[in-house]
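Ready for a few exercises? Have a go at each task before you read its solution.

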Amino acid sequence: MFIPNQAILSGDLTAWTTKTLPAPFIGNKISPSLYNASAFALATKYLPTSTAADGKYVYGPSNPQSENEYIGHLDWNKSEKQTVFGRYYITHFKQPGFFDNNLLLTVNAQLDDQEQSLTLGYTYSISSSLVNSFRVAGTRSFITRGQVSSLINPKTVGINVATPVPNDIYIAVSGDFTESCGTCETYQVTTNRENVVDDVFWTKGRHRFGFGGNIVHRHLNLQGTNNANGPFTFNGSFTGDAMADFLMGNLYSLYQGNNTGSPFSNNAFAMYVQDSYQMMPPLTINAGVRWESDLPEWETAGRGGSFSISAFNAGKTSTTYKTAPPGLIFAGAPCIPKGHINNHWDHFEPRFGFAWDPGERARRVSVAHTRWASSNRFSIWKIALRTTRILETQSPSIPRRACSRISMPTIPAEIPFPSFPAKQNRRLLPDSRFVLPVPCDHEAELYADLEPDYSEAVRRQLGNDGG
């Protein structure tokens, strides 16, 4: 990297650059009186001074890290029929930040991350053929990122910009040096996940039944900044040399963004039933079905919205935020669910398989399995919104929702990302849903479509001890 030396600070750039500075500069020299006071303060107070004629400076920033992990477990045979277990895990990662009045040391963020998980289980043998297994588990991830508290901000050197973060300054001089980093701003992310599971296993003759369900709650709380204090970029667009632009305060770009806050929550419910049936000694049939809810995550503070071109063309404004521009529709308005995507409770995943074991003499087992699995699940990490144009055919047996009709216009061919009409008929398999036309003209739909999945394997033993 290249930083100012004493000659550059005195206005002599002859050894610094092979470029010729434009008029009014003569002989690649700049009068120090033209230097910007804030830039000069940064260069003299918060950067080391290079001793090389061309300003070259070689250094390596310190980046120590530490991580501690702890594991705990509990196993208790309460009685012949009851067992209890527990598992706990925690890890803590730390990476300190540095400044010491040297901005070159700020290129690595200060990190303080912790993740922990707890699982408790209880198993009760009701009889020799009937067992109930109950589990409850939770995970918590806490990520903290930022800079050392002693770091300066733009106002420290007299730069008159908003500084929501008291200890952050980000400057990039193209081809010469960069201090701080784009991912060094204040940022906190907390992710919680709780899961309750209950399974029942029952052996009856040749059947081995299994059924159960689980409930999952997930919560994401993200609080941080997005270029709140800016990055300041200098690239030589004024004088032809980025360092000269920096010292003279000829800024190429300054970008500042708002603070970021995104608390999301999501629930999921599921149940299943299955049977492993030994039809004959060499043949076992496995069959079952799983039901799972398709529920979108929602922004718990009620923020977010969607856009309707027909509402825009009609001049319709939000009933939730009356001063919003036409076409913007927010959660809480008629036909707009809080997650901006409709809940779906009719998601089923059937599965079927078999295993053929001709016995020890053949030393070969054939296994096949097929299922219909979801290819697009809702997750806490992504929100996907789609507005569909509902078919004009309405079902008279379904009451209309309390919203005004907003008919979507025909989508012209030149629009690269059209919205497709909702499917009027859905077969039981493989899509496993039948959805009637929805009597509301503005609808946010995202389906977790099912796709068939088939696998087959043949296992053969080699030798007496081989596998």
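**Exercise 1.** Is Gln147 buried or exposed? Work it out, then see what surrounds this residue.

*Solution.* Keep in mind that you're looking at a predicted model.
- Step 1: Find Gln147 in the loop between strand E4 (130-146) and E5.
- Step 2: Check its relative accessible area, which is 5%. Buried means under 20%, so Gln147 is buried.
- Step 3: Look for company. Setting aside neighbours within four places in sequence, Gln147 touches Thr106, Asn108, Gln110, Asn167, Asp168, Ser180 and Cys184.
- Step 4: Zoom in on Thr106. Its backbone oxygen sits 2.9 Å from a polar atom of the Gln147 side chain.

**Exercise 2.** Take the backbone oddities at Pro24, Asn101 and Asn227, and say where each one is found.

*Solution.*
- Step 1: Start with what to expect. Most residues other than glycine have a negative phi, and most peptide bonds are trans.
- Step 2: Go to Pro24. The peptide bond joining Ala23 and Pro24 is cis, with omega about 15°. Pro24 belongs to the loop between helix H1 (6-9) and helix H2 (37-45).
- Step 3: Move on to Asn101. Its phi is positive, near 60°, and it isn't a glycine. You'll find Asn101 in the loop between strand E2 (82-95) and strand E3 (110-127).
- Step 4: Now Asn227, another residue that is not a glycine, with a positive phi of about 55°. Asn227 is in the loop between strand E8 (207-225) and strand E9 (232-234).
- Step 5: Check how much of each Asn shows. Asn101 has a relative accessible area of 48%, so it counts as partly exposed. Asn227 has 15%, so it counts as buried.

**Exercise 3.** Which element gives the most to the largest nonpolar core? Build the core up piece by piece.

*Solution.*
- Step 1: Get the overall count. The largest nonpolar core has 36 residues.
- Step 2: Pick out the residues with the most contacts inside this core: Leu13, Ile30, Leu42, Leu103, Ile171, Phe177 and Phe246.
- Step 3: See who contributes. H1, H2, strand E5 (171-173), E9 and helix H3 (242-248) supply at least two core residues each.
- Step 4: H3 is the top giver, with six residues.
- Step 5: Try Ile30 up close. Apart from neighbours within four places in sequence, Ile30 contacts Ser10, Gly11, Leu13, Leu21, Phe25, Tyr35, Ala244 and Met248.

**Exercise 4.** Trace how the strands pair up, beginning with the sheet that holds E9.

*Solution.*
- Step 1: Read off the order. Four strands make an open sheet, E6-E5-E9-E10, with mixed pairing.
- Step 2: Find the edges. Strand E6 (177-179) and strand E10 (253-254) each pair on one side only.
- Step 3: Look at E9 and E10. They run antiparallel and are joined by two bridges, and Phe232 has Leu254 in E10 as its bridge partner.
- Step 4: Turn to strand E7 (residues 187-204), which pairs with E8 in the antiparallel sense over 18 bridges. Here Glu194 stands opposite His217 in E8.
- Step 5: Follow the chain from E7 to E8. These strands form a hairpin with two residues between them, and Gly205 in the turn has a positive phi of about 60°.
- Step 6: Finish with E8 and strand E11 (residues 259-280), which run antiparallel and are joined by 19 bridges. Gln223 has Gly261 in E11 as its bridge partner.

Terms used
Residues are numbered from 1 along each chain as its sequence is written. This is a predicted model: local features need pLDDT of at least 70, side-chain atom pairs count only at pLDDT 80 or more; totals for chains, interfaces and linings use all residues. Side-chain values use heavy atoms; hydrogens and water are left out. Buried means under 20% relative accessible area, exposed over 50%, partly exposed in between (1.4 Å probe, protein chains only). A nonpolar core is a set of buried Ala, Val, Leu, Ile, Met, Phe, Trp, Tyr and Cys residues joined through side-chain atoms within 4.5 Å. Contact means heavy atoms within 4.5 Å. Two strands pair if DSSP finds at least two bridges between them. A polar contact is a pair of N or O atoms within 3.5 Å; within protein, one must be able to donate a hydrogen and the other to accept it, and residues adjacent in sequence count only if both atoms are side-chain atoms.
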